[in-house]
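This report describes selected salt bridges and one set of paired strands. The sequence and the structure are shown below.

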Amino acid sequence: MKETLHRIKVFLQSAGFRKYAKRFGFFILGLIALLLIACGGLSIYFNRNKTEIIAKINAKINENINGEFHIGDFQYKFLTGFPNFTLALKDVEIKDKQWKTHKHTLLKTKEIEVRLNIIHLLQHEIDIYKILINDADIYLYKDKNGYSNSDIFKPKKKKTPENKEKPETIINQIELNNVQFILDNKLGNKLFNFDVASLKSKVEYDGDNWRTDLFINTKINSLAFNTVHGSFAKEKDLKGTLSIAYSDANQKIDIQTKGLKIGSDSFDIIAFFNVGKGNSLFGINIGTTILWKNASNLLSGNISSKLNRFDLKKPIIVNCDIKGDLNVEGDPRILVQAEVKDNELSIPDGLITDCSFKGIFINNFKPKEGFTDANSAVILTRFSGNYENIPLQIPQLSINNLEKPLATGNVHSDFDVTKLNEISNDKWIQFTEGHATANLKFQFDIVNLYINKPKFIGNVNITNTSFHFIPKNIHAEKVNVQLDFTQQALLIKKIAYKHKKNTIYMEGKIDNFLNLYYDEPESMVVNWKIYCPNLDIKQFMGVLASSQKRKSNMKNRKPTISSHLRDVIEKCSVVIDIKADKMNYNKLTATNTTATVQMLNSKLVVKNGSLQTSGGSINFSSEIQPSGKNFAFNSNAQVNHVDIASFLRSFNNFGIKSFTPNNIKGRLSSKVNVTGFFNPQGELITNSMHGKLDFSVTQGALINFEPIMKIGKYAFPFRDVKNITFSDLSGDFNLRGEKIDVNKFTLSSSVLNMDAKGVYSLGNGTNLALTIPLRNSKDDAKLATKAERDAVREKGIILRLAAVEENGKIKIKRGRKEKEKN
């Protein structure tokens, strides 16, 4: 290495090198001198021929324009652009003839550099090699009548044999720096506005055709194809190289670019513009891989304002095709296609994970109805994803009319129902197991980009689900449900509900479900048919319990699907046709039970009830509703020939302590119209009943009935008062809580006849007037008719007594004859 450096040093110090270096220096100085002489000569030439050059430039310009062309001054730029002749035009303005009407100057610039070919200039010809426009405003204007200030340029003359050989003025290079370009098309309602920091173009000519690679660095202030809707790519920087070609035969400009930067994203673009007289069709195709937000912000305001309510976490593949006519008012045709794979989609109603689909946006859904929001559509195909962990598959989803969006499609889903727990924000129902499949055709409005009033036709099947319905504290296990949604009704099939002692099979129907669910849930009636092999009534009492109060933290929050469903459940009415092979209530066991039950909020109404029990039957109707901690009821019942002892045992003897069901035998028939209360355990609160009770007992007997045994001990010592058979036992009572008004009590028996009237108390205060004929009534039953029995009933001596409660015990005292009413 040292040896090499030494050799170089020796060579540079040699006489031969110094000789050649001296000659090379003289050559460079000669060239500089020659350059200075040439430039000086050109300057002298310009100064001597300035008037002629200006005149020829003006002539060239005036050959091509109809309007006013103004130049403040001409200057020759020494050495600039050598070997070309560089001329600077200062304070240039170009105005069309109607400028005073519209006030838009076509061109206004501080300086235009025009570089002329020296050889042609010396031959007294103007050949513009390059034009540089600096610090300029270019404003292309077209009014609503179709007039444009660009019409200042005269049409190119057709070549004739006389001028065929005459060369045309051509421009080889164009460069713009710090130029604002505006295209304001009032006819087509379009506005393009660019701040051009730099634009460079070198043109290659092929006869009347040309091509160029155009480098551009600009900012887009407006790219509005419809000013009503706003600009595309507003306030975005645009930088890149565009390959541009012009075909004179087709009067068409074709543009192609790869990797064009718009903002921070790269785009591949293919475009064309027809520039012929009367033909202003254009087309732009844009392809990119881009984030959703970035893509949305490149679109016009009417589109981006809607799309910005959505988002995709990962970049998507997008292709946008725009076609239109620059002279036609309104939007161009826009077709956007996107491909999404394994992405995360945010929508106003929630989040969809693992999302994949192909999407299309078109603003000309029906070809003959224009390019409007009302004729725009979004179409998604092969959509899949998880909404709130619920898997969804939608073969095709169409959203039509973006002014009043309506979405339609088909959805399929297959999932474990425990995933529904994550949707219920207020936790009113909790699933512990089960599986669901759904195949539904749906339709819903989109209001402010939220899903509104979705309607479904199809079916949902749920198998082996167990859940806890928190407001009513109901727990269900192993339930199967089939839901069929039709236009006319919701059909609920194949429900098998098992809970403790209850096994229930249910089918339901809700007429006009699709309309009432959203608009009038209080008018919705759920019609159930229920069959129960075995039904425990007490367990059903929990259904009527007051719901847990909902926390009112939803004032400023949009109602969810879960919260709306709960509202509907609480507001709708339920009508149940129920049939039970066996029914239990306390000690009451009934068979062949049927009834129509209507549930209104927390109120239960039973109509046309019928059951068989204690060897007879009961027909009944009732109303039950929560009242504080208890349940209030009113009931009408017709009891037909039931075994009275068994019947009394079933109802715990109605709280009567003076005798037990063991004291009486016979068949009871009764009419009851009472009100009262049950406790939360479903037990009758006996002293709460009010109303009217009529009864009669046939084929009856009183066995060891203490009040009569006390009377018989003194009045009938020789009669069997421990075992009394009777042909008539009837009564007419008014119930008023603890007190029972005995309007009439009649006993016709084998030992004695007795009538009672007064007050019987379940606590304190019993006071009954007893009328007892002393004659022996043993043979009265042999009389053929009731009239005959009544005729002899009060013959003979009559004993009048009073049964009065004292210190918790019934005592028999002497009574008085009741005064006859006038």
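How many bridges join E37 to strand E38, and in which direction do the two strands run? Six bridges join E37 to strand E38 (residues 809-814), and the strands run antiparallel. The model under discussion is a predicted one.

**Strand pairing**

Within the pairing of E37 and E38, Ala802 has Lys813 in E38 as its bridge partner. The hairpin that these strands form has two residues between the strands. Asn807 takes a positive phi near 55° in this hairpin.

Strand E37 (residues 798-806) is also joined to strand E36 (residues 767-773), by seven bridges. These two strands likewise run antiparallel. In this pairing, Ile772 stands opposite Leu799 of E37.

**Salt bridges**

The structure holds 18 salt bridges. Three of them are set out here, each with its N to O separation.

| Acidic residue | Basic residue | N to O distance |
|---|---|---|
| Asp511 | Lys509 | 3.6 Å |
| Asp732 | Lys692 | 2.7 Å |
| Glu806 | Lys811 | 3.5 Å |

The side chains of Asp732 and Lys692 meet in a salt bridge of 2.7 Å. This pair links distant parts of the chain, with Asp732 in strand E33 (residues 723-736), Lys692 in strand E32 (residues 684-703), and their positions 40 residues apart in the numbering. Asp732 is partly exposed, at a relative accessible area of 23%, and Lys692 is partly exposed as well, at 35%.

Glu806 forms a salt bridge with Lys811, and their closest N and O atoms lie 3.5 Å apart. Glu806 counts as partly exposed because its relative accessibility is 25%, and Lys811 falls into that class because its value is 39%. Elsewhere, Glu93, Lys95 and Lys108 are joined into one network by salt bridges that share partners.

For the bridge between Asp511 and Lys509, the closest N and O atoms are 3.6 Å apart. How exposed is Asp511? Asp511 has a relative accessible area of 40% and is therefore partly exposed. Its partner Lys509, with a relative accessible area of 37%, is partly exposed too.

**Summary**

Strand E37 is paired through seven bridges with E36 and through six with E38. Among the 18 salt bridges of the structure, the one between Asp732 and Lys692 links distant parts of the chain.

Conventions. Residues are numbered from 1 along each chain as its sequence is written. This is a predicted model: local features need pLDDT of at least 70, side-chain atom pairs count only at pLDDT 80 or more; totals for chains, interfaces and linings use all residues. Side-chain values use heavy atoms; hydrogens and water are left out. A salt bridge is a side-chain nitrogen of Lys or Arg within 4 Å of a carboxyl oxygen of Asp or Glu. Buried means under 20% relative accessible area, exposed over 50%, partly exposed in between (1.4 Å probe, protein chains only). Helices (H or I, at least four residues) and strands (E, at least two) are DSSP runs, numbered from the N terminus. Two strands pair if DSSP finds at least two bridges between them.
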